[in-house]
Amino acid sequence: MTDRLTAEIRSVFESGFVPSPGLADRVVGRLREDTGRRHRLPWMAAAVVLAGLVIIPLAGLALSARLGLFAGLGTQREDRKDAAEIQGPAVSLGAVSPAGPWLIVRDIHQEAGPPRPTHNVLYSSADNGRTWSERLRFDGVYDGMSFSRDGLTGVIWAIDVTPAGCTAQSGHSYTCPNPASYGLTVYATPDRGLHWAQREQTPWGVAHVSFEGEEGWVISTSVKDGFRGSAVYQTADAGSSWERMGALPAGVRSNSYAFGVDASPLRFTDSAHGWFASRQVAQPGHSGLWVTSDGGRTWHEASVPSPAGHEGDDMVVERPSFFNNHQALLPVSLRRHGGADNATPNLLYAYSSADGGATWVTPRPLLGAEAARFQPVGEQWSGFFLDASHWWVTSTGLTAGDGVQAAPAVARSTDGGTSWQIYRPSPRILVMRFSDGEHGWAADVSGPQNTNGLLRTSDGGAHWVRVKLPARGG
Amino acid sequence: MDPRELVAAARGGDGAAFEALLRPLVQPAYGMAFAILSDRESAEDAVQDAALKAWRGVRRLRPDTATLRPWFLAIVANECRAIRRRRWSSVVRFAELPRAAERPLEPDLAGSLDLRRALKRLSSDQRLLVYLFFVLDLPFEEIGPTLRISPAAAKARLYRITRRLRPELETSEVSS
């Protein structure tokens, strides 16, 4: 073999090579950990089997209904035969603060045994996801996280969805005479997430939560009353105290129960102005988008007429996004009958507002001329609107077997929706967060078991690199 | 300790013996994984996961095994294939290559650029074969087991690949 060719080939391989100093030590260290872990395996296997509920944190109402968690009043029955659609642990992308990304790793899957509290660990990374530091352990279903703009103060919150007093029935079923409280527990940090203080669990159940810094709002629910009740509570001190502000009109509820995927239908822009997307299919004169301008004391329904040509389609109004005090975007999803399934929208539209969300006008396909090339592929579509220029949209399906998981894509606009780039194939992304026009993070699902993971991009979503998740401590 | 004795001890569950066998293989394995995946994190993951699998499977080695190298590299190659099979891997995998190729090159590097492009066009298994032979300098007796093919088949494949990389090479140059 010629020396010249060998030298050239070696040169090519070496030209882009990134060395990995210390890898042998890390590999051996992990082997030693694994050796120790294998000695503890029977105990750990039992712990894994016993740990975690729950599909509901990710999959929302549709899957919750499959699991029967909302069936009946006072008695909750869980059938685990359908519970293999998502495998734990689950990963939620909590926030991207100036300090870096925040990750919540949750035990959500339970092979056997009655429902038990879901255990969560909060991690942060200061080196682009290469290493993670554990910051907090907490129980309950992780629902959301928010930092102040400067990243100094923040909150994370969880909901107690674990029923009590469960007894085994035949097969894999359990009867639980005491329903979960759905009480809210807030943890607050005053120092960029280094320390967290736990607030007392609320005595009332919560359906939806929204925080802007230390100011937060809750739409409550009454579990014993069949998830009815829509009182609105407000806190100005990160959950230390709550004040009842008012209530949504009787009968107004949201279809959204997807925890941990940034799907809260509630959004406040300041102490007075808030929006609540019920996500019910709109009816003539009823958009399902409720608005308050007095901090939640009174609410009225916004006018959002169907886009021209789509009057006969099912329309669901989503949560609005605000770019500044005036400009805002209101996405709506439309479903023509005969789509891929009864949960997947066919088309996404966007309304705009120039008066801070008081009126919504000029509906247009969210992806403009590219709309035909980007069809939502599942019931979980996600938009991230960084500012008036930089927008991203993706969608995926969590419902295995419905034929809606093919060809996921990420759509990106850098000019406020005038033009779009479609990146396909993409990961099946649940939620994206970008810190600028190029750098972002995403939580995704992959594989037939919807295995949860974390990704990062440094080119606006064109390419994604899978991030190694932190190893769960014992 | 003689390599065969180390292998025998590792087969018996001796972690220190397995570490002694594994350590010198980690960097070559990482280099090979990087050549396939073009991404540091993915290549590290492949080596880490392969090491765990090797440790868990070392008892299944034949008693007369003299070296872990082809067996371990084969596991690493499999891990790389698994990573590449992920739906989005094809998007990620070449993320760095176009940028590298777009960098301004000196005129006398034009040949290298052609070679770089030719290597990029190879399948990952073909690139792996080239890496094992030219960079790791492995004999065909080890390349074959690493790729799960016979040494003769490895030699024949390398011949065909090399002709594509540099058609002007004489047959004798690649068959030695």
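Before you click on anything, one convention: axes are lines fitted to C-alpha atoms, for helices over the stretch in contact, and angles run from 0 to 180 degrees between N-to-C directions. Helices (H or I, at least four residues) and strands (E, at least two) are DSSP runs, numbered from the N terminus.

This is a predicted model, in which local features need pLDDT of at least 70 and side-chain atom pairs count only at pLDDT 80 or more, while totals for chains, interfaces and linings use all residues. Residues are numbered from 1 along each chain as its sequence is written, chains are lettered from A and ligands numbered from 1 in the order in which they are written, and side-chain values use heavy atoms, with hydrogens and water left out.

**Stop 1: color by confidence**

Color both chains by pLDDT, the predictor's confidence in each residue, from 0 to 100. Chain A averages 77, with 74% of its residues scoring at least 70. For chain B the mean is 75, and 76% of the residues reach 70 or more. The complex as a whole gets an ipTM of 0.78 and a pTM of 0.60 from the predictor.

Now pick out the weak stretches. In chain A, select residues 37-87: pLDDT stays under 50 there, and the model has 128 contacts beyond four places in sequence for this stretch. Contact here means heavy atoms within 4.5 Å. Residues 399-404 of chain A also stay under 50, with 15 such contacts. In chain B, go to residues 87-111, under 50 throughout and with 35 contacts beyond four places in sequence, and then to 168-176, under 50 with 15. Where pLDDT is low, the predicted coordinates should not be read in detail.

Which elements of chain B have the lowest and the highest mean pLDDT? Helix α5 (residues 89-93) of chain B is at the bottom with 27, and helix α2 (residues 15-37) of chain B is at the top with 90.

**Stop 2: three helices in chain B**

Select residues 124-135 of chain B, which is helix α8, and add 140-147, helix α9. Their axes are 10 Å apart and they pack at an angle of about 150°. α8(B) and α9(B) are therefore roughly antiparallel to each other (angles under 35 degrees count as roughly parallel, over 145 as roughly antiparallel, 65 to 115 as roughly perpendicular and the rest as oblique). Show side chains: B:D125, B:L128, B:L129, B:L132 and B:F133 of α8(B) meet B:F140, B:I143, B:T146 and B:L147 of α9(B). By class, that contact has seven nonpolar residues, one polar and one charged. (Ala, Val, Leu, Ile, Met, Phe, Trp, Tyr, Cys and Pro count as nonpolar, Asp, Glu, Lys and Arg as charged, and the others, Gly among them, as polar.)

Next, bring in residues 151-165 of chain B, helix α10, which packs on α8(B) at about 100° with the axes 10 Å apart. That angle makes α8(B) roughly perpendicular to α10(B). Among the residues making this contact are B:L129, B:V130 and B:F133 of α8(B) and B:A154, B:L158 and B:I161 of α10(B). Eight residues of the contact are nonpolar, two polar and two charged.

To close the trio, look at α9(B) against α10(B): an angle of about 95°, with axes 7 Å apart. These two are therefore roughly perpendicular as well. Here B:F140, B:E141, B:I143 and B:G144 of α9(B) meet B:P151, B:A154, B:K155 and B:L158 of α10(B). The tally is five nonpolar, one polar and two charged.

**Stop 3: two sheets in chain A**

Switch to chain A and find the open sheet of four strands ordered β12-β13-β14-β15, with antiparallel pairing. Two strands pair if DSSP finds at least two bridges between them. At the edges are β12 (205-212) and β15 (243-247), each pairing on one side only. Neighbouring strands of this sheet are turned by 25° against each other on average, direction ignored. Zoom in on β12(A) and β13 (residues 215-221), joined in the antiparallel sense over seven bridges. Label A:G205 and you'll find A:T221 of β13(A) opposite.

The other open sheet to select has four strands too, in the order β6-β7-β10-β11 of chain A, again with antiparallel pairing. β6 (141-147) and β11 (197-198) each have a single partner strand, so one side of each is left without a neighbour in the sheet. β6(A) pairs with β7 (residues 154-159) in the antiparallel sense over six bridges. For a last label, try A:M145, whose bridge partner in β7(A) is A:I156.
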